[in-house]
Amino acid sequence: MPKMKTNSGAKKRFSLTGSGKIKRKHAYKSHILTKKTTKQKRNLTYAGLVDKADKSNVKLLLGLK
């Protein structure tokens, strides 16, 4: 059986924490920033975690499961 390939798009978008959680970036921070408030842009800066419902799908894409 051949090795399972990691999804190229997923490996650029997600990273693992030390405790095994999956880190992600927030959406809506790349363009059309003029109509967004400073507070909104600031809160989108920080990384979030992948939700429990999506975790299994992301792990499959990363080849962790």
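Which residue in β3 is the bridge partner of R24? In this predicted model, that partner is G48. The pair is a handy place to start a walk through the structure, beginning with the sheet.

**The sheet**

R24 belongs to strand β2, which covers residues 22–24. Strand β2 pairs with β3 in the antiparallel sense, and two bridges link them. Taken as a whole, the sheet is open and has three strands in the order β1-β2-β3, paired antiparallel. Its edges are formed by β1 (15–16) and β3 (48–49); each of these has a single partner strand, so one side of each is left without a neighbour in the sheet.

**The nonpolar core**

Let us turn to the side chains. The largest nonpolar core has five residues: A10, I22, V50, V58 and L62. One of them, I22, lies within the residue range 22–24 of strand β2. Another member, L62, is worth a closer look for its contacts. Leaving aside residues up to four places away in sequence, L62 touches T6, A10, K11 and F14. A10 is thus both a contact of L62 and a fellow member of the core.

**Loop residues and the segment before α1**

Which residues other than glycine have a positive phi? Y28 is one, with phi near 65°, and I32 is another, with phi near 55°. The loop that holds Y28 runs between β2 and α2 (38–45), and I32 is placed in the loop between β2 and α2 as well.

M4 sits elsewhere, in the segment before α1 (8–13). Between the C-alpha atoms of M4 and I32 there are 38 Å, while along the chain the two residues are 28 residues apart. M4 has contacts of its own: setting aside residues up to four places away in sequence, M4 touches L60 and G63.

How open to solvent are these three residues? The table puts their places and accessibilities side by side.

| Residue | Place | Relative accessible area | Class |
|---|---|---|---|
| Y28 | loop between β2 and α2 | 64% | exposed |
| I32 | loop between β2 and α2 | 47% | partly exposed |
| M4 | segment before α1 | 55% | exposed |

The class of each residue follows from a cut-off: exposed means over 50% relative accessible area, and buried means under 20%, with partly exposed in between. At 47%, I32 therefore counts as partly exposed, whereas M4, at 55%, counts as exposed. Y28 is exposed too, with 64%.

Technical notes: Residues are numbered from 1 along each chain as its sequence is written. This is a predicted model: local features need pLDDT of at least 70, side-chain atom pairs count only at pLDDT 80 or more; totals for chains, interfaces and linings use all residues. Side-chain values use heavy atoms; hydrogens and water are left out. A nonpolar core is a set of buried Ala, Val, Leu, Ile, Met, Phe, Trp, Tyr and Cys residues joined through side-chain atoms within 4.5 Å. Buried means under 20% relative accessible area, exposed over 50%, partly exposed in between (1.4 Å probe, protein chains only). Contact means heavy atoms within 4.5 Å. Two strands pair if DSSP finds at least two bridges between them. Helices (H or I, at least four residues) and strands (E, at least two) are DSSP runs, numbered from the N terminus.
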